[in-house]
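Here are my notes on the model you sent round, point by point. Have it open while you read.

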Amino acid sequence: MHPAFSVLVFTVISGAGYGLIFLMVLGHLFGVAVLQQQPLLISGSVLSLVMISVGLMASTLHLANPKNAWRAFSRFKSSWLSREAVFAMVFYPFALCYLLGLWLEGAALSTGYQIAGAICALLAFITLFCTSMIYASLKTIRQWNNALTPVNYIILGLMSGALLLCAVQAIVNLQLSEELKHLAIGLTVMGACVKVIYFYWIGKPSGSSIQTATGFTQASVRLMDQGHSSNGFINNEFGYTVAANKLLRIRMGSLALAFALPLILLCVGGVVFMVLAVFAALAGLLAERWLFFAEARHVVRLFHGDQRT
Amino acid sequence: MKLGLVVDMDTCVGCHGCATACKQWNTSGTIGPLSDKDPYGKDPNGAWLNRIRTYEIDDTPKSKTVHMPMSCMHCEEAACVTVCPTGASYKRAEDGIVLVDQDKCMGCNLCAWACPYGARELDPDQGTMKKCTLCVDRIYDTKLPEDERKPACVLTCPTKSRTFGDFDDPDSEVSQLVRDRAGKQLLPELGYNPVNTYLPPRNKPVVEVHQKASITQNIKGWVNKVIAR
C-alpha cells in the first residue's frame, strides 16, 4: 500500500493525543496523587486537544475531493471511517467541558465535570479503536485484517500518550514522577512486544494466491501482461514495493526509535530527556506507521503478477 | 434481478476492444468524464473501468495464454459499499448494480482499498471514485433498439466472449453458460460473492510430442516381440 504522509501523521499524532487524554483523565478521576494539579491537567488537556485537531486536519489532506468531507458522518451504521469521524467530533464537547471544569474548579472537580471527563476518556479510546478498525476490517489486506491491528493502534496510542504525559508532568513539576515513569515503562515494553509479535505474525504468506485470483487452481499461473503501458491508479496505490533489506532496516530503526531509546531515556529521567523521549517515540511511530502501509500487500497485486500476498 | 457479465476466457483474444468501448461510452455517461492526466506525455495516467490482463497457465507443452478482462464484479457482498463513509457508494436493490454517486464522493479511496478486484479507480482530475456502471445509462434506454440495450463492452466484443444478463433467472443465457461451462468466481475465498463469472478455457487435446526411443528400449522391444511369438 502506498503510505500517504497525511494519514501517517494523523494516526500517530492524534493517536498520541487520544492516549494522553485517556490516561490523564483516568489517572485524575481515580485519584493518582501526581495528577491532582490544575496546571498539569490543563496543559495536558490542551496539548492533547491540539495534537488531535492537527491530526484530524492532516487526515483531510489525503481526500481527493474534500468539499464532500462533511458527508463522512452519514454512514455510522456500516462504515468504520464514518464511526471514527462521528466519535472524533462527539469527543470535542466533552473534552472542552472537562477543560472548562479544570479551569473553573481546579483539580477537585464537581460530579458533572467528572462525568464529562469520564465520557471524554471513553470517547478517546473508542475513536482510537475506530481508527484501527478502518484498517482491520479490510479483508483485502491480510496484514491488516487481524486482531493485532486494533491491539497495535491502541497500545501504541496509549504508549505515546504515556510518554507525553511524563514529559508534560516533568516540565510542570521539573521532576519526573515515579508513578508515571513506571506506567510509561510498562506501556513501552508492551508496545514493543505487540509490534514484534505483529512483525512475526505477518511474515508467513497465507490465504489468496494468483491461482485463486485467476481461478486456475490446478496449475502454475504467471502474469504475461498487465494490459497497460504506464502505471495507473491501481499500480500507484497498491503496487508500492520496497526492497526487503530496506524494510528490515526501517523495522530495526523504528523499534530502536519508538521503544528502545524512550525506554533508556525514561530510566534516566529528567525534563530534557523526557522531551527527547517523546520526539524519539513519535519519529519511531511515524516509521512504524509507514511500515504498516509499506508492508501491507493488497490482494489486487495477485492480478498484477504477485504469486502470493 | 442480479445483472452481471459472463466472460469466456476460451474465446477472449485480449484485443482491448471492450476497454476502449467502455472508456468511449462512459466518458460521456452518467458518471461524468473519465479523465486522463498527461495522456500524451511520458507518464500517462487515467481512469479506466475495464482492464485486460494476460496470464500464462501451466507449463509447456500444456501451457495456455489466457486473457482476463476485469471490471466491477457487482458483488453480492459489496464491501466497497459498507466501508463508504459518505454514502456515495451504493448497491441498487432492483438489479444489484453497484454505483458511485459522484456528487457525494469525497475521494478517500477506502472503497478502492476494500475492493479485491481493482475495479475502482480514482479520477485523477475530478477526485472522485469511478467504476463500471454496467452501462446503466444504456441497458434501460428504451430509445435504443432492444438488442442494443447491453453494456458497451458486450456489444463491441468481436469474439462474443462477453455475455450480459440476469443471474437470478435460471434460464437466462448467462445462467446456462455458467452451468454448462463450470463458470468460476474470482477470489471466492474472500466471500464477496462476485456476480461476474469467468468461463475457463475448454479442454483441448494435448499435441503429442514424438520422442526418439533409446537403444536399450529398442532392444527391449525386440526381445518382447520375440518372446510374445
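1. Start with the helix pair in chain A. From α6(A), the residues A:Lys181, A:Ala184, A:Ile185, A:Thr188, A:Gly191, A:Ala192, A:Lys195 and A:Phe199 come up against A:Arg251, A:Leu255, A:Phe259, A:Pro262, A:Leu263 and A:Leu266 of α9(A). Sorted by class, the contact of α6(A) with α9(A) has 9 nonpolar, 2 polar and 3 charged residues. Bear in mind throughout that this is a predicted model.

2. Now the geometry of that pair. Helix α6 of chain A covers residues 178-201 and helix α9 of chain A covers residues 244-268; they pack at an angle of about 165°, and their axes are 9 Å apart. Angles over 145 degrees count as roughly antiparallel, and α6(A) and α9(A) are therefore roughly antiparallel to each other. As for handedness, α6(A) and α9(A) make a left-handed crossing.

3. On to where the chains meet. Chain A puts 42 residues into the contact, and chain B puts in 50 residues. On the side of chain A that touches chain B, the elements giving two or more residues are α3 (80-105), α7 (210-214), β1, α8 (233-238) and α11 (300-303) of chain A. Which of them gives the largest share? That is β1(A), with 5 residues. By class, the residues on this side of chain A divide into 19 nonpolar, 17 polar and 6 charged.

4. β1(A) deserves a second look, since it also turns up in a sheet with strands of chain B. The sheet is open and has 3 strands, in the order β1(A)-β4(B)-β5(B), with antiparallel pairing. Why is one side of β1(A) and of β5(B) left without a neighbour in the sheet? β1 (221-225) of chain A and β5 (64-70) of chain B stand at the edges and have a single partner strand each, so one side of each has no neighbour there. From one strand to the next, the twist averages 35°.

5. Across the chains, β1(A) and β4(B) run antiparallel and are joined by 4 bridges. If you want a residue pair to click on, take A:Leu223, whose bridge partner in β4(B) is B:Tyr55.

6. Within chain B, strand β4 (residues 51-57) is joined to β5(B) by 7 bridges, and these two strands run antiparallel as well. Here the pair to look at is B:Arg51, which stands opposite B:Met70 in β5(B).

Definitions and conventions
Residues numbered from 1 in each chain as written. Chains lettered and ligands numbered in written order. Predicted model: local features only at pLDDT ≥ 70, side-chain atom pairs only at ≥ 80, totals over all residues. Pairing = 2+ DSSP bridges. Axes fitted to C-alpha atoms, helices over the stretch in contact; angles between N-to-C directions. Parallel < 35°, antiparallel > 145°, perpendicular 65-115°, else oblique. Left-handed = near helix turned anticlockwise from the far one by under 90°. Contact = placed C-beta atoms within 7 Å. Nonpolar A, V, L, I, M, F, W, Y, C, P; charged D, E, K, R; others polar.
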